[in-house]
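I sat down with a new model today and kept a short notebook as I went. Here is the structure first, so that you can follow along.

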Amino acid sequence: MTEAKPFTISKGLVWQAWLRVKANKGAAGIDGQSLADFENNLGGNLYKLWNRMSSGSYFPPPVMRAAINKKDGGTRLLGVPTVADRVAQTVVKLILEPLVEPVFHQDSYGYRPNRSAHQALAVARNRCWQREWVIDLDIKGFFDNLDHTLMMRAVEHHIKEPWVLLYIKRWLEAPILNREGQRVERLAGVGTPQGGVISPLLANLFMHYAFDHWLERHMPEVSFERYADDALIHCRSEQEARSVLEAVRSRLSDCGLTLHPIKTKLV
């Protein structure tokens, strides 16, 4: 007699998640296991992952911190999950994304199916001919300052599945190690590693309520385009732009976020 699992997760869903992870490629995580290594014992690795997720005993391993160069000369710090953890995150993404994607704003373009930065630029270019003033928004350390309580509140608004909530909470709290294996200190209750499979979806969900939905409800007279944590807001005058900027600054502050003092500007 097979012992019943606390959570019902289909093996087919885990297989589908693996196919997506394999197609996306990517580097090994902190355990050094590559996609090829994982595939050498594919059946065993996927079964072990399914078994642990279904029993509630799956705990994400630490993510490995890696720095990549940015176009402006700086560096962006990413958290690279293990291959197995990328599969686990994709399992949850396959459940959550169809629930939240229809709710997202039409002017949100980052990390969404069939949307791109090129589309955002095309819309922005057209709107710049209609309105002379633009607020160029940039959030300082967005992924490092995501409030876990507000994030989970947004997730729970769309899904009640206990195992989905359990694992999202664990991913938000997953430890980060540098390449030498030393733990990177994090503030309690905030931040999610940028670079995970689930992080962009969670970021969009957070910004939907912190920015998109709020702006549409309170300032329907302005238009915007958002790509992840960068956004343009189109205004009719400098006075309106300054007023909107201060209102947005206050709103994001209430959500635990700070506008970048240099990169945020009126144009």
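These are my entries on rings, charges, the core and two backbone oddities, all looked up in a predicted model.

**Entry 1: aromatic pairs**

I started with the rings and counted 8 aromatic pairs. I picked Tyr-47 and Trp-50 for a closer look. Their ring centres are 5.5 Å apart and the planes make an angle of 45 degrees, so I noted the pair as tilted. Stacked would have needed planes under 30 degrees apart, and edge-to-face over 60. Both residues belong to helix H3 (residues 42-55), where a spacing of 3 residues is about one turn of the helix. That fits what I know of helices: with 3.6 residues a turn, residues three or four places apart point the same way.

I then asked how buried or exposed each partner is. Tyr-47 is partly exposed, at a relative accessible area of 45%, whereas Trp-50 is buried, with 14%.

I also found a cluster: Tyr-58, Tyr-167 and Trp-171 are linked by ring pairs.

**Entry 2: charges over rings**

Back at Trp-50, I saw the charged end of Lys-11 over the ring, 4.6 Å from its centre. A second case is Arg-115, which lies over the face of Tyr-109, 5.3 Å from the ring centre.

**Entry 3: a buried acid**

Which opposite charge is nearest to Glu-97? I found Lys-93, at 4.1 Å. A salt bridge needs nitrogen and carboxyl oxygen within 4 Å, and Glu-97, though buried, has none. Glu-97 sits in helix H4 (residues 83-100). Leaving out residues up to four places away in sequence, I listed its contacts as Arg-20, Pro-102, Pro-113 and Leu-201.

**Entry 4: the core**

Next I traced the largest nonpolar core, which holds 67 residues. Met-53, Ile-168 and Ile-233 have the most contacts inside it. Helix H8 (residues 199-218) gives the most to this core, with 10 residues. I followed Ile-233 outwards: beyond four places in sequence, its contacts include Trp-133, Phe-211, Phe-224 and Val-248.

**Entry 5: helix H7**

Helix H7 (residues 162-172) caught my eye. I found 8 of its 11 residues buried, so H7 is largely enclosed by the rest of the structure. Among the buried ones are Ile-168 and Arg-170, along with Tyr-167 and Trp-171; those last two are the ring-cluster members from my first entry. What covers them? I noted that H3, H4, helix H6 (148-156) and H8 are included in the cover over the buried residues of H7.

**Entry 6: two positive phi values**

I finished with the backbone. Most residues other than glycine have a negative phi, and I wrote down two that do not. Tyr-111 has a phi of about 55 degrees and lies in the loop between H4 and helix H5 (117-130). Its relative accessibility is 42%, so I noted Tyr-111 as partly exposed.

Ala-228 has a phi near 60 degrees. I placed Ala-228 in the loop between strand E6 (223-227) and strand E7 (230-235), and with 10% relative accessibility it is buried.

Which residues does Ala-228 touch, its neighbours within four places in sequence aside? I found Gly-110, Tyr-111, Asn-204 and Met-207. I was pleased to see that Tyr-111, with its own positive phi, is one of these contacts. As a last check on distance, I took Ala-228 to Met-53: 175 residues apart in sequence, and 29 Å from C-alpha to C-alpha.

Definitions and conventions: Residues numbered from 1 in each chain as written. Predicted model: local features only at pLDDT ≥ 70, side-chain atom pairs only at ≥ 80, totals over all residues. Heavy atoms only, no water. Phe/Tyr/Trp six-rings, centres within 6.5 Å; stacked < 30°, edge-to-face > 60°. Helix = DSSP H or I, 4+ residues; strand = E, 2+ residues; numbered from the N terminus. Buried < 20%, exposed > 50% of the residue type's maximum accessible area, 1.4 Å probe, protein only. Lys NZ or Arg CZ within 6 Å of the ring centre and 35° of its normal. Lys, Arg positive; Asp, Glu negative; His and termini not counted. Salt bridge = Lys/Arg side-chain N within 4 Å of Asp/Glu carboxyl O. Contact = heavy atoms within 4.5 Å. Core = buried A, V, L, I, M, F, W, Y, C linked by side-chain atoms within 4.5 Å.
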